Amino acid sequence: CGVQHFTTAPYQPESYGEAERFVRTFKSSMKKSQMEGIAKSEALQQLLVSYRSTPLPLSNKSPFELLHNRPPRNTLSLLL
């Protein structure tokens, strides 16, 4: 059928680096939460909320904002 399977990202090698960086951030966050005695499910929720509400440098909008076309409602937005 002429299908070629590539296991790496040859045309965008920087994308693999971004994935590795996120894995490193995820692991360090989970380790810190574990040392503080926070449950894994709670730590995961905290990580995802903070990751999804942090603005991206390229678009200056958070992933939540790009997906839902409105700013996220979190603790900081409730204070403001």
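## Exercises on a predicted four-helix chain

By class, 2 nonpolar, 1 polar and 2 charged residues make up the lining of the largest pocket (nonpolar: Ala, Val, Leu, Ile, Met, Phe, Trp, Tyr, Cys and Pro; charged: Asp, Glu, Lys and Arg; polar: the others, Gly among them). This is a predicted model, in which local features need pLDDT of at least 70 and side-chain atom pairs pLDDT 80 or more, while totals for chains, interfaces and linings use all residues. Residues are numbered from 1 along each chain as its sequence is written, and side-chain values use heavy atoms, with hydrogens and water left out.

**Exercise 1.** Find which residues line the largest pocket.

*Solution.* Start with the term: on a 1 Å grid over the protein atoms alone, a pocket is an open set of points where a 1.4 Å probe fits, with protein on both sides within 12 Å along at least five of seven lines, and lining residues have an atom within 4 Å of a point. Next, list the lining: Glu18, Arg21, Phe22, Thr25 and Tyr51. Then look at helix α1 (residues 13-36), which gives the most to this lining, with 4 residues. Finally, the volume is about 180 Å³, taken as the space filled by probe spheres set on grid points joined across faces, edges and corners.

**Exercise 2.** Work out how the protein chain is built and why it is more spread out than a compact globule.

*Solution.* First, count the elements: 4 helices and 0 strands (DSSP runs numbered from the N terminus; helices are H or I, at least four residues, and strands E, at least two). The radius of gyration, over C-alpha atoms, is 17 Å, well over the 12 Å of the globule rule for 80 residues, so the protein chain is more spread out than a compact globule (the rule is 2.2 Å times the number of residues to the power 0.38). Now add the extent: the C-alpha trace spans about 55 × 35 × 25 Å along its principal axes. Last, buried residues make up 9% of the 80 residues.

**Exercise 3.** Decide for Ser62 and then for Ser59: buried or partly exposed?

*Solution.* Recall the cut-offs: buried is under 20% relative accessible area, exposed over 50%, partly exposed in between, with a 1.4 Å probe and protein chains only. Ser62, in the loop between α2 and α3, has 2% relative accessibility and therefore counts as buried. Leaving aside neighbours within four places in sequence, Ser62 is in contact (heavy atoms within 4.5 Å) with residues including Arg52, Leu56 and Pro72. Ser59 lies in the loop between α2 (40-53) and α3 (63-68); at 35% relative accessibility, Ser59 counts as partly exposed.
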